[in-house]
Amino acid sequence: SASSIIVPPHLRGGDTARPLANMLWRLARYLNISTISFLSGSWFFPRQLLPYSTAFAFGTRTTMSPARPTSAETTWPDYLQRNGDCGTVQLAKLFPPLTSTSHKGSHGRIAVLGGNEKYTGAPYYAANAALHCGVDLATVFCASEASVPIKCYSPELMVQAIYSIDVLDGIHSEEQNLLDELRQYEQTNANLLTNELHEEDVLQTMEMLEHSDEKQHILAQQELNTDDRIDTITYKLEKMKKIGEELDQVRSRRDALIMDAVKSVTEMFPALHAICIGPGMGRHPVVFCVVEKVILSAMESKLAITLDADALYMMSLPEYRQLLEKLMQYGRCVLTPNVMELRRLAAVLDNTDKNTASIVIKKGASDVITKGPFEIQCAQEGGLKRSGGIGDVLAGTTTAFMAWNSILYDNDSAEGQERLFAAWTACCAVKTATKLAFGKRRRALSALDVIGNLPEVLDNMERDVNKTGS
């Protein structure tokens with residue numbers, strides 16, 4: 001009935017480290033135990049057991065209860081050296097192996113949804129970062145106004161226009177104009193219906209005038225005014241009906257455009273391992289409708305999702321609160337907010353709820369990665385220059401790691417803490433690449449410089465993992 005093996009502090013490394021590690025692993029397999037817990041001091045075992053894909057817990061008190069969060073601040077080298085205090089994580093290979101039997105797509109197929117006439121660089125940075133991490137194929141779904149520039153940036157990216165901002169602007173303006181006209185007619189009719197003389201006032205006036213000619217004139221004028229009012233109301237009701245029919249036609253065209261765009265994205269889901277939504281997306285209300293349906297479809301397809309930039313702004317709007325709540329319970333979702341985006345999200349979320357399944361990367365000087373009650377801080381040193389686009393690089397790098405996670409792991413696992421570790425590793429990689437780029441470029445550092453250093457950083461990290469496991 002045991003659920004974990006607890007290793008006391010006095011057991012340390014040495015000549016017996018490897019035999020003891022093998023013994024622990026075989027014992028865990030024999031007893032069907034998924035967790036080996038290490039009290040402070042027994043630091044060598046995680047490194048020895050790294051190749052065995054076993055779950056570990058660290059700390060002065062060993063617990064697997066989600067109600068007791070664990071938190072630590074560490075860097076990639078420190079983690080490899082100490083493997084300490086990182087909460088409950090599943091340590092295993094982070095990268096799909098390169099083998100002679102690999103084929104195009106074996107190491108990840110990702111997509112980026114974003115990019116409009118103003119922001120063409122953001123989706124390019126995200127997709128290109130994923131390629132430089134090592135995924136095989138990257139597709140960008142964007143506005144037609146952004147497709148040609150993005151294609152010119154890189155021949156390695158597959159770029160597909162799924163809507164036109166000009167067309168969406170036209171149909172949205174047409175809908176708003178019809179709505180404004182309809183509201184005006186509704187208000188006018190309401191005024192006409194309430195602009196009646198009180199019956200009591202009319203009777204008092206008639207009694208004062210008795211049977212005079214003026215009374216007859218007022219009665220005739222009153223009857224005429226009533227007829228005119230009825231005619232006016234009838235005309236406006238007919239006009240409102242016509243506007244309503246035109247509005248239905250406009251909305252039907254809008255919905256058809258939305259569904260065409262959604263279909264263009266979702267029909268590729270069976271071939272994808274992960275999708276990044278938000279970089280350069282813009283804040284067009286019709287685009288938000290497209291994104292909402294894409295997200296819901298991705299969740300149904302159990303696809304890994306990374307949300308960044310304008311997608312996070314969209315989630316902070318009241319009309320998308322229910323969608324955000326669903327995403328927070330979706331274990332394959334990673335949100336990458338900066339300080340302002342996190343503040344907006346916090347305004348619509350219940351901060352007391354610690355049972356969320358999604359991962360949140362709170363970007364800052366030290367990135368904080370949380371999954372429900374669990375937390376890891378990336379204390380990796382970065383560069384001193386924060387240029388535009390580095391957040392998009394992190395979104396693309398995170399998407400690459402989530403794609404690899406989908407390839408390597410069973411994403412239906414109960415805890416899914418391996419995704420938390422993968423997200424933390426993505427943060428470490430970008431921080432390290434930023435530091436290397438800053439050392440070379442200093443004030444001239446750009447997002448492209450960071451992307452250019454990702455291959456070296458990822459290669460070194462993979463070598464570190466392989467050395468640690470040997």
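This report walks through a predicted model of a protein, from its confidence values to one of its pockets.

Some ground rules come first. Residues are numbered from 1 along each chain as its sequence is written. Because the model is predicted, local features need pLDDT of at least 70 and side-chain atom pairs count only at pLDDT 80 or more, while totals for chains, interfaces and linings use all residues, and side-chain values use heavy atoms, with hydrogens and water left out.

**How far to trust it**

The score to know is pLDDT, the predictor's confidence in each residue, from 0 to 100. Its mean for this protein is 79, and 66% of the residues reach 70 or more. Two stretches do poorly. Residues 38-71 stay under 50, yet the model gives them 112 contacts beyond four places in sequence; a contact means heavy atoms within 4.5 Å. Residues 84-92 are also below 50, with 45 contacts beyond near neighbours in sequence. Where pLDDT is low, the predicted coordinates should not be read in detail.

**Two buried residues**

Helices (H or I, at least four residues) and strands (E, at least two) are DSSP runs, numbered from the N terminus. "Buried" means under 20% relative accessible area, "exposed" means over 50%, and partly exposed is in between (1.4 Å probe, protein chains only). Here are two residues tucked into such elements, with contacts that leave out neighbours up to four places away in sequence.

| Residue | Element | Relative accessible area | Contacts |
|---|---|---|---|
| Thr139 | strand 7 (residues 137-143) | 3% | Ile110, Ala111, Val112, Met158, Met268 |
| Val290 | helix 9 (285-300) | 2% | Ile258, Ala261, Val262 |

Val290 also has its C-alpha atom 9.4 Å from that of Asp255, and those two are 35 residues apart along the chain.

**Two unusual backbone angles**

Most residues other than glycine have a negative phi. Lys302 goes the other way, with a positive phi near 55 degrees, and sits in the loop between helix 9 and strand 10 (304-307). Ala309 has a positive phi near 55 degrees too. Its place is the loop between strand 10 and helix 10 (310-315). Because its relative accessibility is 18%, Ala309 counts as buried.

**The two sides of helix 12**

Which residues of helix 12 are buried? They are Glu341, Leu345 and Val348. Seen down the helix axis, they fall within an arc of 60 degrees, so they line one face of helix 12. (The arc is that of the directions from the helix axis to the C-beta atoms.) These buried residues pack against helix 10, helix 11 (321-328) and strand 11 (333-335). On the face turned away from the buried side, helix 12 carries the exposed residues Val339 and Ala347.

**A pocket**

Helix 12 (339-348) turns up again in the lining of the second largest pocket, as one of the elements giving two or more residues, along with helix 13 (390-408) and helix 14 (417-441). On a 1 Å grid over the protein atoms alone, a pocket is an open set of points where a 1.4 Å probe fits, with protein on both sides within 12 Å along at least five of seven lines; lining residues have an atom within 4 Å of a point.

The volume of the second largest pocket is about 500 Å³. Of its 24 lining residues, the closest to the centre are Lys363, Arg386, Ser387, Ile390 and Gly391. Helix 13 gives the most to this lining, with 4 residues.

Terms used:
Points joined across faces, edges and corners; volume = space filled by probe spheres on them.
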